[in-house]
Amino acid sequence: MKLKTLLIILLVAVAIAGCNRKQVNTPPMFAGEEFNQGEKAIITGKISNRDVYPHVRWLEIKLLDFGGNETTHLSPITEDGMFRFDIYPITTREISFVPVEDRIVIAPGDSLYIEKDFKNIAHTVFGGTCAELNKQISAFRNKYLGRYSQPYELSYMDFKAAAKKQYEETLHQLAAFQREHNTSKTFNTWAKKQVALDYYIALFDFPFQHFIRTKKELTGKEWEIYYGFVKEFEKEMDNSMMMASYFEVINNFWRFILEENFPDYFREAMEAASRREIPENREKMLIDRDEELEKLRSSSTNDYLSQFAVANFVNGVYLQANRSDWIDSNRTMINKTITDPFLRTTLNNRYNQVKAYNTNPRVYSDAVLGKNAIELHGSGSLITDSANVMKHIVDSHPGQVLYVDVWAPWCNGCVREMPYSKKLQDYFEGKPITFVYLCMGGTPEAQQEVINKYDLTGIHHFLSDKEWQDIVKRFNMKSTIPYYLLFDKNGVMVNFGLHLRPSIPDTKVDIEKLLEQ
């Protein structure tokens with residue numbers, strides 16, 4: 001009887017444990033739920049001798065993420081030089097803390113204290129739970145630059161050999177640093193990854209840069225030999241620590257997968273880039289996205305790398321384009337494919353932002369245009385800031401769809417799009433749409449030369465320094481151009497980003513939908 005009772009108790013205990021395990025599972029992505037962000041990390045500190053850089057009144061921490069998704073935290077520097085950040089790192093990760101430190105590493109639950117003397121910017125004092133780790137990282141970064149400056153005109157194999165030599169020399173320097181400083185296990189993990197990632201990024205990037213300059217591409221056996229490093233690279237990707245360079249190298253890996261599986265497309269794109277133009281048969285060149293996704297899902301025997309590649313695809317193709325429809329249709333597949341908690345939480349956060357924006361774009365539009373200033377700050381608010389160019393243009397064109405192109409004459413990518421912009425103008429001639437071109441660099445003469453060459457009508461405005469700085473900050477452009485904004489007839493910004501290039505067929509479709517409303 002006692003044995004039977006014991007067995008029942010054990011079975012019940014197992015069942016309860018199983019239930020508990022289910023309860024702590026990450027909920028499904030893209031279901032409108034907010035994920036648990038984990039434990040908070042606190043970063044505090046003090047800045048001394050602020051008068052050296054009196055213009056620095058705020059400090060900024062960036063949680064680096066998939067392209068376009070960086071989370072920025074701001075803290076004022078108080079009169080006595082103090083600052084504080086409360087962040088949710090989700091996992092052990094690198095974050096950017098310029099101008100205090102280029103990179104620091106923080107984990108959930110950490111408490112880090114930092115003292116920085118603006119008279120001695122190269123020296124930082126650390127305290128708190130992860131002080132020793134960040135002290136060692138700071139000391140190593142002061143000696144290690146991670147740059148591979150070999151000429152892009154070298155042959156493929158000469159460059160690879162030179163890069164390999166530099167990588168091995170750096171590993172020797174790292175080993176000496178580790179012995180001298182008796183470095184921690186976490187530092188050793190970080191340093192090994194950082195040095196390796198810099199090396200692999202250089203190798204991934206070289207073929208494109210070499211082709212642009214020499215028109216010589218890798219073919220056949222030479223291609224296989226050069227890219228033999230990819231198998232070694234795959235071993236470096238794991239979720240023990242989220243490196244900032246992961247987000248750069250995963251784009252390089254994506255490009256490699258395209259080159260490997262869609263060589264004709266890749267070759268055409270490379271040749272067009274070398275000519276600084278867009279392929280005339282661009283629509284025929286478009287890759288089937290489902291096929292591309294399948295190649296990424298099976299891209300590596302390293303499951304984490306494949307998950308990262310798919311997450312980068314979902315973000316780069318759909319979320320950065322403010323699109324959630326494809327994700328809604330494929331959420332079951334994505335949930336099965338991506339199981340890493342950081343990747344899931346990051347994608348889910350971004351999806352919720354996109355979904356909220358698409359549901360009610362006016363909230364975000366009013367915020368970036370400053371139309372909600374009175375609501376937020378009271379009746380005394382100045383809502384007609386002279387630098388807010390877009391608000392003035394929107395207010396003076398009621399009932400018009402506005403297609404806004406932020407560009408510069410020195411930007412090859414910008415100028416390559418101008419023939420397609422002219423085609424859009426001709427296609428929508430006579431319709432209630434205004435084309436707006438905001439030039440943020442070069443000279444007025446260079447601006448006018450492009451306008452005349454492509455016979456561009458519409459509004460043309462050469463931005464002052466104050467105006468282009470306002471545009472970059474207001475629309476979170478990160479100084480990346482070309483950049484596009486799309487406003488409906490009610491003056492609401494309904495879309496924004498690089499995906500609105502005039503050479504992309506969907507741009508015309510988006511404009512047509514607004515004109516029909």
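**Exercise 1. Which residues in H11 meet which residues in H14?**

*Solution.* Keep in mind that this is a predicted model.

Step 1: Start on the H11 side, where Tyr304, Gln307, Phe308, Ala311, Val314, Asn315 and Leu319 make the contact. Their partners in H14 are Leu343, Leu347, Arg350, Tyr351 and Val354.

Step 2: Sort these residues by character. The contact of H11 with H14 divides into 9 nonpolar, 2 polar and 1 charged.

Step 3: Now look at the geometry. Helix H11 (residues 303-319) and helix H14 (residues 341-359) pack at about 10 degrees, and their axes are 11 Å apart. Angles under 35 degrees count as roughly parallel, so H11 is roughly parallel to H14.

**Exercise 2. Work out the order of the strands in the open sheet, and find what packs on it.**

*Solution.* Step 1: Trace the 4 strands across the sheet; their order is E4-E1-E7-E8, with mixed pairing.

Step 2: Find the edges. Strand E4 (82-87) and strand E8 (124-128) each pair on one side only. Between neighbouring strands of this sheet the average turn is 20 degrees, with direction ignored.

Step 3: Zoom in on one pair. Strand E1 (residues 41-48) runs antiparallel to E4, and 6 bridges link them. For Thr44, the bridge partner in E4 is Arg84.

Step 4: Add the helix. H2 (residues 131-143) packs on the sheet and touches strand E7 (111-117) as well as E8. The direction of H2 makes about 160 degrees with that of E8.

**Exercise 3. Compare the surroundings of two salt bridges, Lys391 with Asp395 and Asp455 with Lys422.**

*Solution.* Step 1: For Lys391 and Asp395, the N to O distance is 2.7 Å. Both residues belong to helix H17 (residues 389-395) and sit 4 residues apart, about one turn of the helix.

Step 2: Check accessibility. Lys391 counts as buried because its relative accessibility is 8%, under the 20% limit. Asp395, at 41%, is partly exposed.

Step 3: Turn to Asp455 and Lys422, whose side chains meet at 3.4 Å, N to O. Asp455 lies in the loop between helix H19 (444-454) and strand E11 (459-462), and Lys422 in helix H18 (residues 412-427), so this pair ties together parts 33 residues apart in sequence.

Step 4: Check accessibility again. Asp455 is partly exposed at 48%, while Lys422 is buried at 18%.

Step 5: Place these pairs in context. The structure holds 22 salt bridges, and shared partners join Lys40, Arg84 and Asp86 into one network.

Definitions and conventions. Residues numbered from 1 in each chain as written. Predicted model: local features only at pLDDT ≥ 70, side-chain atom pairs only at ≥ 80, totals over all residues. Heavy atoms only, no water. Pairing = 2+ DSSP bridges. Helix = DSSP H or I, 4+ residues; strand = E, 2+ residues; numbered from the N terminus. Axes fitted to C-alpha atoms, helices over the stretch in contact; angles between N-to-C directions. Contact = heavy atoms within 4.5 Å. Parallel < 35°, antiparallel > 145°, perpendicular 65-115°, else oblique. Nonpolar A, V, L, I, M, F, W, Y, C, P; charged D, E, K, R; others polar. Salt bridge = Lys/Arg side-chain N within 4 Å of Asp/Glu carboxyl O. Buried < 20%, exposed > 50% of the residue type's maximum accessible area, 1.4 Å probe, protein only.
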